Amino acid sequence: LGIPAEPLFRSASGTVDISSATNVNEALELSDMNWFVDSKPLYDENGDIYGGFCANVRDKDNALLGIVSDKYRIVQNEDAFNFVNDLSTEGFEFDRAGVFKNGKSIWLMGHFPKETILGDEIDNNIVLVNSHDGSSGVKVMMTPVRVICANMLNLALKSAERSWNTRHTKRL
């Protein structure tokens, strides 16, 4: 399993402007997150399959994204974020996207038009997060925080009053 020679994102903040995107596929293309995750078996020193775990790798460069339980179910980037395509008729616009830890965790953000409530302008951002290392599920949150870095993402995760989360595992 190899690590890519160049990082996927070249901006200093680790984020990419995706405001010209009109759908998820364009957003993933602009942010270089239009890759897939494959599950590969792990082998011990004798060449036998190491049961109970597998390696999640990125198809573009075979980079290791995480060692996960065999109960883990991959949610591809497009599948994790695809539902926002239906929000474009409601005024949703794409804004920024980024990766953390070489793609182990990815995020995408967009917003609805600002609202004025009791004289205050309110930002209506939607932030979507997906991980491929088993650290979290797929998360969707409404937040006034505009994510531009890892610290802002952590603030959005902690302060979101409305959020949804789904696991990468299937209950048996």
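Author: Two strands are said to pair if DSSP finds at least two bridges between them, and with that rule in hand we can look at this structure, which is a predicted model.

Reader: What makes strand S3 and strand S4 a pair?

Author: Five bridges join S3 to strand S4, which covers residues 64-69, and since the rule asks for at least two bridges, the two strands count as paired. They run antiparallel, and within this pairing Asn-56 stands opposite Gly-66 in S4. The two strands form a hairpin with five residues between them, and Asn-62 in the turn has a positive phi of about 65 degrees.

Reader: How do you know that strand S2 and strand S3 pair as well?

Author: S2, at residues 37-43, and S3, at residues 49-58, are joined over six bridges in the antiparallel sense, so the requirement of at least two is met. Two positions show how they face each other: Pro-41 stands opposite Cys-54 in S3, and Asp-38 stands opposite Val-57 in S3. S2 and S3 also form a hairpin with five residues between them, where Gly-47 in the turn has a positive phi of about 85 degrees.

Reader: Why do S2 and S4 count as the edges of the sheet?

Author: The open sheet has three strands in the order S2-S3-S4, with antiparallel pairing. S2 and S4 each have a single partner strand, so one side of each is left without a neighbour in the sheet, and this is what places them at the edges. Neighbouring strands of this sheet are turned by 35 degrees against each other on average, direction ignored.

Reader: Why is Phe-53, in strand S3, called neither buried nor exposed?

Author: The relative accessible area of Phe-53 is 40%, whereas buried means under 20% and exposed means over 50%, so Phe-53 is called partly exposed. Leaving aside neighbours within four places in sequence, Phe-53 is in contact with Leu-42, Ile-67, Val-68, Ser-69 and Asp-70.

Reader: Why does Asp-95, by comparison with the cut-off, count as buried or exposed?

Author: Asp-95, which has its place in strand S5 (residues 93-100), has a relative accessibility of 8%; the limit for buried is under 20%, and therefore Asp-95 counts as buried. Not counting residues up to four places away in sequence, Asp-95 touches several residues, including Asp-17, His-111 and Arg-146.

Reader: What makes Asn-77 buried, and what lies at its side chain?

Author: Asn-77 lies in helix H2 and has a relative accessible area of 0%, which is under 20%, so Asn-77 is buried. A polar atom of the Asn-77 side chain lies 3.0 Å from the backbone oxygen of Met-33, and this distance is within the 3.5 Å set for a polar contact. Beyond four places in sequence, the residues that Asn-77 touches include Leu-28, Trp-35 and His-132.

Reader: Which residues touch the most other members of the largest nonpolar core, and which elements supply it?

Author: Phe-81, Phe-94 and Ile-126 touch the most other members of this core, which has 26 residues. Helix H1 (24-30), helix H2 (77-81), S5, strand S6 (105-117), strand S7 (120-131) and strand S8 (138-143) each supply at least two of its residues. Apart from this core lies another, of eleven residues, among them Phe-100, Trp-107, Met-109 and Ala-160. In soluble globular proteins, nonpolar side chains tend to be buried together.

Key:
Residues numbered from 1 in each chain as written. Predicted model: local features only at pLDDT ≥ 70, side-chain atom pairs only at ≥ 80, totals over all residues. Heavy atoms only, no water. Helix = DSSP H or I, 4+ residues; strand = E, 2+ residues; numbered from the N terminus. Buried < 20%, exposed > 50% of the residue type's maximum accessible area, 1.4 Å probe, protein only. Contact = heavy atoms within 4.5 Å. Core = buried A, V, L, I, M, F, W, Y, C linked by side-chain atoms within 4.5 Å. Axes fitted to C-alpha atoms, helices over the stretch in contact; angles between N-to-C directions. Polar contact = N/O pair within 3.5 Å; in protein donor to acceptor, adjacent residues only side chain to side chain.
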